Amino acid sequence: MAEPRTFGFLVNDVARLTRTLLERRIASAGLDITPGEARALLHIFAIGGGRQTLIAERMGVEPMTACSYIDRLEKRGLVARQADSADRRAKQVLLTEAATPLVAELQAVTAAMRADVLDGLTAAEHDATMNALLRAHVNLQDLLAPQSAEVPAS
């Protein structure tokens with residue numbers, strides 16, 4: 001059985017619980033958007049737009065799942081797909097101006113949720129936690145980055 005106080009377990013469980021709470025808060029906010037669509041919208045906003053595969057990866061869902069969220073957001077006029085200048089087969093998903101008020105409301109929901117989740121942490125504890133997570137994030141990105149183009153020794 002996995003030790004519940006290891007770094008990986010805690011990070012994963014905090015992420016899972018946070019996502020569950022966010023989905024509940026969005027559902028109860030009466031914003032006429034599903035939690036999945038809201039998460040997609042927030043990820044598109046956070047990265048300034050991007051390919052569907054990137055959005056799916058950031059959301060931790062299959063590309064087809066992200067595609068269905070994006071399809072519904074596009075039908076509502078909240079996002080638009082544009083040709084990717086770097087790859088004509090790919091599409092960039094961008095927010096439209098119509099999404100701005102909804103994104104602002106979603107940001108208010110997420111800010112209130114973060115305040116509740118982090119309630120009781122001192123400013124120093126918050127800063128230390130964020131710094132530790134940022135360092136772990138950088139380490140993980142470095143560990144997962146493609147290896148530099150080293151020439152194997154012969």
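Start by selecting α1 (7-28) and α6 (123-144): each of these helices supplies at least two residues of a nonpolar patch. Helices here are DSSP runs of H or I with at least four residues, strands are runs of E with at least two, and both are numbered from the N terminus. Before you go further, note that this is a predicted model, in which local features need pLDDT of at least 70 and side-chain atom pairs count only at pLDDT 80 or more, while totals for chains, interfaces and linings use all residues. Residues are numbered from 1 along each chain as its sequence is written, and side-chain values use heavy atoms, with hydrogens and water left out.

**Stop 1: the nonpolar patch**

Show F7, V11, M130, L133 and L134 as sticks or surface; together they make a patch of about 440 Å². Patch members have over 30% relative accessible area and no salt bridge; nonpolar side chains (Val, Leu, Ile, Met, Phe, Trp, Tyr) are joined within 5 Å, and like charges within 9 Å. The areas come from the Shrake-Rupley method with a 1.4 Å probe, and for residues only the protein chains shown count as cover. Which helix gives the most to the patch? That's α6, with 3 residues. Click on L133, which sits in α6: its relative accessibility is 38%, so L133 counts as partly exposed. On this scale buried means under 20%, exposed over 50%, and partly exposed in between (1.4 Å probe, protein chains only).

**Stop 2: zoom out**

Switch to cartoon and colour by secondary structure. You should find 6 helices and 3 strands in the protein chain, running α-α-β-α-α-β-β-α-α along the sequence. The C-alpha trace spans about 55 × 50 × 30 Å along its principal axes. Of the 154 residues, 24% are buried. Now for contacts (heavy atoms within 4.5 Å): among those with a separation of 6 or more, 50% are between residues 24 or more positions apart. Put a surface on the chain and its accessible area comes to about 10700 Å², with 57% belonging to carbon and sulfur atoms.

**Stop 3: charges and salt bridges**

Colour the charged residues next, with Lys and Arg as positive and Asp and Glu as negative, leaving out His and the chain ends. Each charge is placed at NZ of Lys, CZ of Arg, CG of Asp or CD of Glu. The mean positions of the 17 positive and 19 negative charges are 5 Å apart. How many salt bridges does a search of the whole structure find? There are 8, each a side-chain nitrogen of Lys or Arg within 4 Å of a carboxyl oxygen of Asp or Glu.

Select R25 and D116, whose side chains form a salt bridge at 2.8 Å, N to O. R25 is in α1 and D116 in α5 (residues 100-117), so this pair ties together parts 91 residues apart in sequence. Both are partly exposed: R25 has a relative accessible area of 25%, and D116 has 47%.

Hop over to R51 and D84, another salt bridge, at 2.6 Å, N to O. Here R51 belongs to β1 (residues 50-51) and D84 to β2 (residues 79-84), so the link joins parts 33 residues apart in sequence. Is each partner buried or partly exposed? R51 is partly exposed at 30% relative accessibility, whereas D84 is buried at 7%.

Last stop: R81 and E74, which meet at 2.5 Å, N to O. R81 is partly exposed at 22%, and so is E74 at 33%. Add D71 to the selection to see a network of salt bridges linking D71, E74 and R81.

Methods
Contact = heavy atoms within 4.5 Å.
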